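Here are a few exercises to work through with the model open in your viewer. Try each task before you read its solution.

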Amino acid sequence: MLLKPKTMFDGKVLTVYLSGDIDHHSARRIREYTDALIGELKPVRLLLNYSAVSFMDSSGIGLIMGRYRMMKLYGGSVSVVSIPPALRKMMELSGLGCLDVLEGGNEENESA
Amino acid sequence: MKVLNEMSVNFESRSVNEAFARTAAAAFAAQLDPTVAELNEIRTAVSEAVTNCVVHAYRDTIGIISMNIRIAEGNILIVKIRDRGCGIEDIPRAMEPLFTTSPEDERAGLGFAVMQSFTDKLTVRSKPGKGTTVTLEKRLSPRLSDV
């Protein structure tokens, strides 16, 4: 991911639209950008939208776990939404399901 | 096992080369006419192995990573990824899911678990101070083009 991810904030919920390949190389930039926004906006909920992510290795899992810890620190929550079918195997393997952060399929309210 | 085709490539352990390595592996594997899912599994497993070299083997330094890929009879892809980095002291421990020596870098500790579940066979050979060789083996589904 070369460009900054697109984001949306409604006063409570911060949505980050991730795109392209998420690996160890790109995760650092996404992490820095997202954390700066969280610190600045103090959202109660962070939505990580994965609909435009074409590839992800376990760095994408670390990215979610790190934001989960950070949002917990602020008393907030994290949800991962619009997970493409190709990434499902990785998400399931990660055990993130136990943290209750993964949301099913393509929700209509997320497609906008 | 009869080898039908082979390629090798060396590259520096810069994180930008993680994408190069998995793309090169996928491009070479394409001649086996893999499914989209298989191709994605190959890219993911290679990305994990190369990231380990970048993050762990050559931590804070730049070294050379060698990737050798062979195609063997029976639609088998064998990917060997070798570094001359720090090596692994305790391989079984390194392979435990969620074990990582780099939590500060937000490593999930899933690299080997992903390589294992996205391929058919994973072999890790390592000598502390000498380096590590990871071999991934994957049998791809036979396609119509096979005679």
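## Exercise 1: a loop residue in chain A

A:Lys42 sits in the loop between helix H1 (24-41) and strand S3 (45-56) of chain A; helices (H or I, at least four residues) and strands (E, at least two) are DSSP runs, numbered from the N terminus. One setup note: this is a predicted model, where local features need pLDDT of at least 70 and side-chain atom pairs count only at pLDDT 80 or more, while totals for chains, interfaces and linings use all residues. Residues are numbered from 1 along each chain as written, chains are lettered from A in the order written, and side-chain values use heavy atoms, with hydrogens and water left out.

Task: find the sign of phi at A:Lys42.

Solution. Start with the background: most residues other than glycine have a negative phi. Now check the residue: phi of A:Lys42 is near 50°, a positive value, and the residue is not a glycine.

Follow-up task: do likewise for B:Leu98 and say whether it is buried or exposed.

Solution. First, place it: B:Leu98 lies in the loop between helix H3 (91-95) and H4 of chain B. Next, its phi is positive too, about 80°. Last, B:Leu98 counts as exposed because its relative accessibility is 56% (exposed is over 50% relative accessible area, buried under 20%, partly exposed in between; 1.4 Å probe, protein chains only).

## Exercise 2: the fold of chain A

Task: give the order of elements in chain A.

Solution. Count first: chain A has three helices and four strands. Then walk from the N terminus, and you get β-β-α-β-α-β-α. For packing, 49% of the 112 residues of chain A count as buried. As for contacts (heavy atoms within 4.5 Å), residues 24 or more positions apart make 71% of those with a separation of 6 or more in chain A.

## Exercise 3: where the chains meet

Task: describe the interface of chain B and chain A, starting with how many residues of each are in contact.

Solution. Step one: 24 residues of chain B touch 22 residues of chain A.

Step two: the buried area is about 1900 Å², with 51% from carbon and sulfur atoms; that is the accessible area (1.4 Å probe) that two parts lose on being put together, summed over both. On the chain B side, B:Arg22, B:Glu106 and B:Leu110 lose the most area to chain A, together 28% of what that side buries.

Step three: the rule finds five salt bridges across the interface (a side-chain nitrogen of Lys or Arg within 4 Å of a carboxyl oxygen of Asp or Glu). B:Arg22 turns up again here, paired with A:Asp23 in a salt bridge at 2.9 Å, N to O.

Step four: H1, helix H2 (36-57) and helix H4 (111-118) of chain B each supply at least two residues of the side touching chain A. H2(B) gives the most, with nine residues.

## Exercise 4: a buried serine

Task: explain why B:Ser13 counts as buried, and list its contacts.

Solution. B:Ser13 is in the loop between strand S1 (3-12) and helix H1 (17-29) of chain B. B:Ser13 counts as buried because its relative accessible area is 3%. Leaving aside neighbours within four places in sequence, B:Ser13 contacts B:Val54, B:Tyr58, B:Thr61, B:Ile62, B:Gly63 and B:Ile65.
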